[in-house]
Amino acid sequence: MSEPTGGREPGGAVSLVYAHLRTRIVNGEIPPGTKINIESVARSLEVSQTPVRETLQKLEADGLLDYSPGRGYMTTPVLDAEGLESLFELRFLIEPWSTRVVAEDRITNPGRRLRAELERFEAEISEGGDLRQLVLAHDSRFHGLILKATGNPNVCQAFEQSQAHLHLFRLSPVDRDGQIALREHTRIVEAIADCDPDAAEEAMRAHLQQSYERSAHVFDSESLGGLKRANAYRAHRHRILR
Ligand SMILES: [Zn+2]
């Protein structure tokens, strides 16, 4: 017999525990360096320990938990300045290029899908709820849609593995009402829908730059050095990526 799961299917219990813990870690309700007690999570969510263990492994893969045999699972530190730079160097390499590529292709142009995503997000924020989680989910879907539209699975995989959104949202509570994302994303969508690769690439680059600066404000100004390095790739982008 399997362990009780509070009347839920085991897979459903994993989704429930995962959503619960992930939200609490990203929102900072469970601070960095906190030990996660499997028994007490299972008890408070009325599930068995099996889905909790499975969830903790998923959160470890997301980079939100560390496991050590002696101490068990602990929440990881938030990004430091170096981690932030490293993440944005990756984003500057793949996202302006991806945005250009999808704006060039009239047949597979994702303009309509991206507009639908913006409309969905506007409807969600007007209904209320946990705005921070809505912004996180929208930003993740929006950037994912553009990368997926390139048809390059390696680009998508590199971005997914970075778990960029989880780490950025954990770092700094910017854009609380989602209006910044809406404004900057709209500019990107318009350029893509107009099949204007230069404007699309530039709009994505500006969005990343502003997003980096919003996140980097928690560190001292020296952390902006990494951005200069990322921007230096711009001069070589034709050689590197085209
Ligand atoms: Zn965004």
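Here is a walk through the chain, from its overall make-up down to single residues.

What you have in front of you is a predicted model. The chain holds 12 helices and 2 strands, and if you read the elements from the N terminus, the order is α-α-α-β-β-α-α-α-α-α-α-α-α-α. There are 242 residues, and 32% of them are buried. As for how the chain meets itself, take the contacts with a separation of 6 or more: 77% of these link residues 24 or more positions apart.

Let's start with the strands. β1 covers residues 65–68 and β2 covers residues 72–75, and the two pair in the antiparallel sense over 4 bridges. They make a hairpin, with 3 residues between the strands. If you want a spot to look for in the pairing, find Tyr 67, which stands opposite Tyr 73 in β2.

Next up is α4, which runs over residues 81–104. Does its length come out as expected or not, and why? At 1.5 Å a residue, its 24 residues should span 34 Å, and the end C-alpha atoms are indeed 34 Å apart, so the two values agree. Along the way there is a kink of about 30 degrees at Phe 92, shortly before the proline Pro 96.

Now for the partner of α4. Two packed helices are described by the angle between their axes and the distance between the axes. For α4 and α9, the axes come within 8 Å and cross at roughly 40 degrees. Which residues meet there? On the α4 side they are Thr 99, Val 102 and Ala 103, and on the α9 side Ile 188, Ala 191 and Ile 192. Sorted by type, the residues of this contact are 5 nonpolar, 1 polar and no charged.

Moving on to α5, you can repeat the length check. Its 17 residues, at 1.5 Å each, should span 24 Å; the end C-alpha atoms are 25 Å apart, which agrees. Arg 120 sits in this helix, which takes in residues 111–127. Is Arg 120 buried, exposed or in between? It has 13 other C-beta atoms within 10 Å, so it is partly exposed. Its C-alpha atom is separated by 8.7 Å from that of His 138, a residue 18 positions away along the chain. Right after α5 comes Gly 128, with a positive phi near 90 degrees.

Gly 128 is a glycine, but positive phi values also turn up at residues that are not. One of them is Gln 163, with phi of about 50 degrees. Gln 163 lies in the loop between α7 (153–162) and α8 (164–171), and it counts as partly exposed because it has 16 C-beta neighbours inside 10 Å. Cys 195 is also not a glycine, and its phi is positive at about 55 degrees. You'll find Cys 195 in the loop between α9 (179–193) and α10 (197–216). With 15 C-beta neighbours inside 10 Å, Cys 195 is therefore partly exposed.

Finally, step past that loop into α10, where Ser 211 is found. Why does Ser 211 count as buried? The cut-off is 20 or more other C-beta atoms within 10 Å, and Ser 211 has 20 such neighbours, so it counts as buried. Ser 211 and Ala 181 are 30 residues apart in sequence, yet from C-alpha to C-alpha they are 9.3 Å apart in space.

Conventions: Residues are numbered from 1 along each chain as its sequence is written. This is a predicted model: local features need pLDDT of at least 70, side-chain atom pairs count only at pLDDT 80 or more; totals for chains, interfaces and linings use all residues. A residue is buried if 20 or more other C-beta atoms lie within 10 Å of its own, exposed if 12 or fewer, and partly exposed in between; C-beta atoms are placed from the backbone. The expected span of a helix is 1.5 Å times one less than its number of residues. The bend at a residue is the angle between axes fitted to the seven residues ending there and the seven starting there. Axes are lines fitted to C-alpha atoms, for helices over the stretch in contact, and angles run from 0 to 180 degrees between N-to-C directions. Two residues are in contact if their C-beta atoms, placed from the backbone, lie within 7 Å. Ala, Val, Leu, Ile, Met, Phe, Trp, Tyr, Cys and Pro count as nonpolar, Asp, Glu, Lys and Arg as charged, and the others, Gly among them, as polar. Two strands pair if DSSP finds at least two bridges between them.
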